[in-house]
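I opened this notebook to keep track of what I looked up in one structure. The entries follow the order in which I checked things.

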Amino acid sequence: MSVALPSLMADLDISAAVAQWVTTGFLLTMAVVIPTTGLILQRFGTRSIFVAAMSLFTAGTALAAAAPGFGLLLTGRVLQASGTAVMLPLLTTTVMSSVPERQRGRTVGLISIVIAVAPAVGPTISGVMLSSLGWRWLFLFVLPIAILSLCIGARFVHSVSATRAIRIDVPSMLLSAIGFGGLIFGLSSIGEAAEGNAPVPVAVPTVVGVVALALFVVRQLRLQRTDAALMDLRPFKSRTFAIGTVTLLVAMAVLLGTLVLLPIFMQSVLGMSTMRTGLLLLPGGLTMGLLAPPVGRIFDRYGARPLIIPGTLIIVAALVAMAMLDRHVPALAVAGTHVLLSVGLALVLTPLMTATLGSWNPSQYSHGSAIVNTLQQLAGAAGTAMFVSIMTARSQQRAGAGIDRATLLATGTHSAFAWGAALALVAVVVSLFLPRRSSATS
């Protein structure tokens, strides 16, 4: 969808701050739903969860393809996200239940190939389709794949863990939804506030979200004493889990923010077509996929630190380079900075995921998976909102001075990437405190 944002802006007559809700709304829904998956995975069997999740995703895809306007398009994305929100922890829990510890680096590396191929092939397919077809074909292309996956999974997926009856704490669910929802809504409204179109003052949902999340955490700390928490927070007692999660959140914020902002820069500032944009983003995604297996093997042998520390430094360097791109930069230079960023992310994501997964006790698999996946989506939504909001706010500051739109957007993207580099420096510092080898007790 990142490549399609300019097309959506033109076709539906909406601003970048509104269009980015196609991505932010997806991530926001996941951040609201995923906290409940710790209990869902313990309450229902693997097959039932898979069928329900894929059914939601398929229905959302069909609705988005047929949506006559932005409202129903966003509704379809919310349904897609509801299914995806359950699938991600289901995948993580299945890996932890089925794969020996000595092979987890390689296994997560293989999973990372799939995760990396999506942003690699997605923009390219999107660019090709948008060059001759409308944005609806992005969903029509996915729909038969979703239906086929649903049918195959319903036939072959079997439960891999025992289930037990669990009471879901309704107040925790409400606090979680208000907390994560309010925080991301507030962050995502910054860009609209810069344009003067924010529905409510940014501070209102942000403060409500922070307060609700604080109450949510307090309630979980109390409920987890009797194993009744919606999201058990005890995995944070592991040093590896806590440090790895913080570093992973920064990496996800940078990844999702860049995937949204870079296509806008390439198309609206450099004047590239959607097809060319997709093709130039392809090498970076493929680089992540190709590096994932060897990175996983290196992790199994040497641990996370030798990979993550240089990886975070490369991410900083790539974002600094992106902050210096101007209107006359060669296309290959843009692709090169994206490849550099992808190398850094490849060195960081697989080791972080594997080290964080390996730091849990078996009894915490479902809750630890829910925590990591919830915070990933929160970080991704925050990163997307931050990059787009900074771009919009900076552009608005210079508007009205006789400067053309492309120059305004270029100035805004420079500021956004510079702030992204500053955020990545946090990951560099935090990664220095990772233990040399991770375990469930570290």
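**Entry 1: a serine.** I began with Ser176, which is buried, with a relative accessible area of 1%. I note that this is a predicted model. Buried stands for under 20% relative accessible area, so Ser176 at 1% falls on that side of the cut-off. I found Ser176 in helix H9. Which residues does Ser176 touch, not counting those up to four places away in sequence? I listed Val32, Pro35, Gly181, Phe216 and Leu230.

**Entry 2: the whole chain.** I then stepped back to the chain totals. I counted 16 helices and 0 strands. The chain has 442 residues, and 57% of them count as buried. I looked up the accessible surface of the chain, which comes to about 17,700 Å². Carbon and sulfur atoms hold 69% of that surface. For contacts with a separation of 6 or more, I read that 83% are between residues 24 or more positions apart.

**Entry 3: helix H3.** I picked out helix H3, residues 21-33, which has 13 residues. From its first C-alpha to its last, H3 reaches 17 Å, close to the 18 Å expected at 1.5 Å a residue. Why is H3 described as largely enclosed by the rest of the structure? I checked its residues: 11 of the 13 are buried, so the description follows. The buried residues of H3 include Trp21, Val22, Gly25, Phe26, Leu28 and Met30. I also noted Thr23, Thr24 and Thr29 among the buried residues of H3.

**Entry 4: the nonpolar cores.** I turned to the largest nonpolar core, which has 110 residues. The members that touch the most other members are Leu73, Met266, Ile315, Leu319, Leu345, Leu349 and Phe417. Which helix gives the largest share of this core? I found that helix H11, residues 239-269, supplies 17 residues, the largest share. Another core, of 10 residues, lies apart from it, and its members include Leu41, Ile49, Val86 and Leu90.

I followed up one member of the largest core, Leu73. Leaving aside its neighbours within four places in sequence, Leu73 is in contact with Leu8, Leu12, Val22, Ala64, Ala67, Trp135 and Phe139. Val22 also appears in my Entry 3 as a buried residue of H3.

**Entry 5: the salt bridge.** How many salt bridges does the structure hold? I found 1. Asp169 forms a salt bridge with Arg219, and their closest N and O atoms are 2.6 Å apart. Asp169 sits in the loop between helix H8 (136-156) and H9, while Arg219 is in helix H10. The two are 50 residues apart, and the pair links distant parts of the chain. I also checked the cover of Asp169, which counts as buried at 3% relative accessibility. As background, I wrote down that side chains of opposite charge can pair when their charged atoms come close.

**Entry 6: a nonpolar patch on the surface.** I looked next at a nonpolar surface patch of about 430 Å². Val170, Leu174, Ile178, Val204 and Val208 make this patch. The elements that give two or more residues to the patch are helix H9 (170-195) and helix H10 (203-223). H9 gives the most, with 3 residues. As background, an α-helix has 3.6 residues a turn, so residues three or four places apart point the same way. I checked Val208, which is found in helix H10. Val208 counts as partly exposed, at 42% relative accessibility.

**Entry 7: three pairs across the chain.** I ended with residues that are apart in sequence. Ala331 is found in helix H14, residues 331-358. Ala331 counts as buried, at 14% relative accessibility. The C-alpha atoms of Ala331 and Met272 are separated by 8.9 Å, with their places 59 residues apart along the chain. Leaving aside neighbours within four places in sequence, Ala331 is in contact with Met272, Arg276 and Leu280.

Arg239 lies in helix H11 and is partly exposed, with a relative accessible area of 44%. I found the C-alpha atoms of Arg239 and Thr356 separated by 9.6 Å, although the two are 117 residues apart along the chain.

Ala418 is in helix H16, residues 405-431. Ala418 is partly exposed, with a relative accessible area of 37%. Its C-alpha atom is separated by 9.0 Å from that of Ala321, 97 residues apart along the chain.

Key
Residues numbered from 1 in each chain as written. Predicted model: local features only at pLDDT ≥ 70, side-chain atom pairs only at ≥ 80, totals over all residues. Heavy atoms only, no water. Patch = residues over 30% accessible without salt bridge, like charges linked within 9 Å, V, L, I, M, F, W, Y side chains within 5 Å. Areas by Shrake-Rupley, 256 points an atom, 1.4 Å probe, with all protein chains shown as cover. Salt bridge = Lys/Arg side-chain N within 4 Å of Asp/Glu carboxyl O. Helix = DSSP H or I, 4+ residues; strand = E, 2+ residues; numbered from the N terminus. Buried < 20%, exposed > 50% of the residue type's maximum accessible area, 1.4 Å probe, protein only. Core = buried A, V, L, I, M, F, W, Y, C linked by side-chain atoms within 4.5 Å. Contact = heavy atoms within 4.5 Å. Expected span 1.5 Å × (residues − 1).
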